[in-house]
Amino acid sequence: MSQLAGAGRLTRFALRLDAWKLVPWIAIIALFPLASYSAYDSLFPTPRDAVVLEVSLQTNPAFTLLFGHATNLETAAGFTTWRIQVFGMFFTALMAIFTVTRHARASEDTGQAELVDSGAVGQHARLASGVLLAWAASAAVAALIAGTLTAAGAAPEDALALGGMLGGMGIAFAGVAAVTAQIGSYARTANALAAAVLVASYVLRGLGDTLEDAEWLLWTNPMGWAELIRPAAENNPGPLALLAAVGIATAAVGARLARRRDFGAGLLRQGTGPDRSTAGISRHTVRLSRGPIASWLATSALLGFVYGIVAGTMSGFFSENPFVQQILAARAATEEDLVFAFVQMLTFIMAIIAAVFGVQLALRFAVEEDERRSEWVLSAPLARARYLAPTVAAALGAPTVAVAVSGTVLGTTAVATGTRADAWLVLLQTLAHAPAVWLAAALALALVGAAPQLRWIAWLALVYWIVLTLFGPVLKAPDWLMDTSPFHVIPRITADDADWAPVVVVLAIAVVLITAGFAAYRRRDLRTV
Amino acid sequence: MSAVSITGLVKTFGRTRALDGLDLEVREGEVLGFLGPNGAGKSTTLRILLGLLRADSGRVELLGGDPWRDVVALHRRVAYVPGDVSLWPQLTGGQAIDLMGRLRGGLDETRRAELIDTFELDPSKRGRTYSKGNRQKVAIVAALSSRAELLVLDEPTAGLDPLMEALFREEIRREKAAGRSVLLSSHILAEVEALADRISIIRQGRVVETGSLEQMRSHARTSVAATLHGGTDQLTSMPGVHDLSVEDHRVRFTVDADGLGSAMNTLATHGVTALTVTPPSLEDLFLQHYGERIPPSGNGAEGIAGEHTRAADDGGRSPRRRPRHRGTPREEERTEDGGPQ
């Protein structure tokens with residue numbers, strides 16, 4: 001155990017360092033279920049209201065694909081589970097990934113780790129402290145959810161199962177991150193690799209939920225196992241034990257791999273590179289973001305493809321759903337309408353992905369300033385506006401390409417698999433989201449230009465818009481509130497009464513934000529500390 | 001025209017007054033040593049000169065222009081080496097040098113190759129794999145291979161080994177010979193002493209002294225240590241003598257440039273058997289301005305003697321400027337005499 005000597009002390013130290021980073025994550029993830037549980041009675045005054053929602057959700061398999069099965073909405077615990085499971089799992093896993101990477105990898109990039117490792121600590125102590133901290137945070141999420149929901153009146157076993165579902169994901173992905181931290185040479189690569197595992201897991205479980213006879217897919221990945229716990233319905237302990245076991249096993253693999261790499265290097269080594277370059281500031285900016293651009297475009301294409309395949313199964317789904325058959329028989333809607341409702345939901349998700357991409361590209365500009373490379377670059381004859389411009393172009397342009405790619409792939413895949421849809425309309429609907437994507441990026445650009453220390457607001461706004469757009473209608477949010485989301489005001493292009501005025505407003509706000517970002521960046525001091 | 005001319009510069013960060021009425025001038029073609037400890041305001045001054053920070057008040061002129069307004073035009077004529085060079089982790093040093101060159105509209109290819117060779121820099125390594133010294137070299141090569149008229153260097157040799165430091169000094173001399181002006185911020189006294197035509201000492205956001213090393217020396221006192229054959233009674237009345245201490249036949253004191261001659265005459269009449277005269281080093285000058293931060297001397301008697309005489313003749317000066325001489329000659333003498341070691 002001498003390899004772990006000092007791990008306890010390091011974990012306590014890490015906890016002190018990270019407490020303020022972790023508290024918001026834990027609080028937001030853990031209190032969201034309570035809010036949803038408490039709102040249940042006012043949302044669904046009678047059991048019939050809940051059944052209506054359940055049935056209407058079943059007409060659109062996009063909901064199942066994105067959020068899992070909505071099976072037990074007649075109880076508050078069942079509704080809470082449906083509402084938060086995918087988001088909760090996703091964010092708990094991200095929290096665990098970032099925590100482990102910060103200690104096991106990022107600290108090597110910044111040199112803190114050298115200081116720690118040279119102390120009287122075991123070879124694996126630093127990795128262990130990061131993993132332990134992530135596990136503790138995951139356990140805190142689980143305990144908070146179980147405690148608050150039980151206190152609010154939920155059955156303790158339902159509350160525990162839901163808490164365990166999220167906490168288990170955190171434990172499993174802390175282990176995954178312990179492995180990816182050894183593979184990537186940079187913290188960013190390590191995070192991206194672990195996030196890729198998370199996204200793949202999300203997509204696989206979506207297919208497992210949606211496609212026929214595909215439940216076995218749930219057994220192939222952590223998010224699938226977590227779903228198989230089925231909180232508030234079956235409350236299975238088996239999959240939870242599997243998540244914990246995988247977390248421990250992968251952490252051990254991470255420790256083994258750690259011995260096979262050098263300090264500061266990854267198993268994926270980057271050798272020497274070209275000693276000359278002709279890049280100016282534009283090519284330089286793109287070059288810095290080459291990795292994220294490639295991986296986000298690939299993700300967009302993959303999502304378009306997967307969603308396209310699912311769309312292809314729609315006909316079979318509709319023919320088996322008695323409620324849908326009623327709607328079609330009453331001529332209340334055509335199959336094309338229902339398909340397009342499904343597709344519109346998917347195009348929204350792809351727009352969200354593109355917005356995350358755009359915000360990330362925009363915020364990298366602030367990292368350059370934090371790490372004081374901006375200072376050096378701006379000592380050259382380069383106006384501030386000229387320096388910011390390529391980032392603006394990338395943060396607006398690259399996500400636009402991403403939605404175009406995902407829309408094209410989705411449309412063509414859906415048509416190729418026999419969906420009754422028009423590939424061209426699918427692409428147009430996806431592109432219709434571009435102004436909302438630009439607004440998200442524009443907010444990030446304004447913050448980067450004016451107040452980079454407040455740039456987290458860009459992420460906060462994006463999360464707010466996602467949650468509001470996805471759940472606002474279900475939660476009967478008032479119109480004025482819904483209209484605060486640029487993604488909500490994008491009309492369905494096939495509707496006769498499509499209202500484009502709000503889109504013009506969205507565009508105008510985006511232009512104002514970007515202009516403000518430029519103006520502020522020209523006028524302010526560079527951050528030097 | 002001066003390359004840099006600053007008067008009454010003030011810059012505050014929140015409540016901290018980083019620069020408090022700073023005056024600085026770099027004449028064309030000279031190397032100005034900008035000397036001060038960490039946190040005195042050196043980097044802030046340089047960043048204002050480069051238009052990275054905006055001055056609160058005061059007049060700042062860079063190559064005849066306004067560094068905040070005329071950024072692009074001025075930066076074509078200025079090259080900068082930041083204090084702590086941060087490179088792009090995934091880009092090579094060569095790519096970083098070429099980016100800076102490209103932004104300046106081209107660099108001197110021969111000079112680039114020559115400098116990379118001189119500093120033994122491997123330009124194909126990635127930014128993250130360089131040591132601190134090598135990151136510094138990347139920025140130095142980028143700056144020196146530009147065709148700038150003014151070099152602004154913020155502690156450029158931090159992290160360089162002594163051999164590279166010597167090579168760097170050689171390169172700066174070449175730059176100077178080529179007619180370029182250099183603003184060299186540093187806390188390394190030897191480097192400034194070796195390179196600078198003039199020196200400005202900054203303290204708590206103000207330049208407290210400016211001049212050539214010779215001028216500064218003439219203001220500062222020479223340290224004298226002597227062993228006398230005869231008595232020491234007349235010494236106290238010598239003009240311009242300070243910090244006098246007498247132990248049996250050994251005397252130590254510092255003396256102003258004006259009083260040096262008469263002091264030597266007086267010593268001669270007392271029968272000198274041993275004599276050490278040490279001109280003030282840059283370190284002494286520096287310590288004159290920062291003396292109060294030095295921990296009290298271990299040798300009680302000397303400390304008190306020094307304090308005493310200083311207090312007596314310090315009347316008109318600001319309390320901040322408390323000179324104290326703890327030069328090398330005493331150290332040497334102690335060793336020789338088997339003194340309080």
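Visitor: How many residues of chain A are in contact with how many residues of chain B?

Guide: In this predicted model, 41 residues of chain A touch 43 residues of chain B. Contact here asks for heavy atoms within 4.5 Å.

Visitor: What makes Arg276(A) and Asp98(B) a salt bridge?

Guide: The closest N and O atoms of Arg276(A) and Asp98(B) are 2.7 Å apart. The cut-off is 4 Å between a side-chain nitrogen of Lys or Arg and a carboxyl oxygen of Asp or Glu, so the pair of Arg276(A) and Asp98(B) counts as a salt bridge. Across the interface of chain A and chain B the rule finds five salt bridges, along with 24 residue pairs in polar contact, both partners at pLDDT 80 or more.

Visitor: Which three residues supply the most of the area that chain A buries against chain B?

Guide: The area buried between the two chains is about 3800 Å², with 54% from carbon and sulfur atoms. Arg276(A), Trp376(A) and Pro381(A) supply 22% of chain A's part, more than any other three residues.

Visitor: Why are 16 residues on the side of chain A that touches chain B called charged?

Guide: Asp, Glu, Lys and Arg count as charged, so 16 residues on that side fall in this class, beside 13 nonpolar and 12 polar ones.

Visitor: What does the rule find between domain 1 and domain 2 of chain B for salt bridges?

Guide: Zero salt bridges turn up across that interface, and zero residue pairs in polar contact at pLDDT 80 or more. The area buried between these domains is about 1200 Å², of which carbon and sulfur atoms give 62%.

Conventions: Residues are numbered from 1 along each chain as its sequence is written. Chains are lettered from A and ligands numbered from 1 in the order in which they are written. This is a predicted model: local features need pLDDT of at least 70, side-chain atom pairs count only at pLDDT 80 or more; totals for chains, interfaces and linings use all residues. Side-chain values use heavy atoms; hydrogens and water are left out. Buried area is the accessible area (1.4 Å probe) that two parts lose on being put together, summed over both. A polar contact is a pair of N or O atoms within 3.5 Å; within protein, one must be able to donate a hydrogen and the other to accept it, and residues adjacent in sequence count only if both atoms are side-chain atoms.
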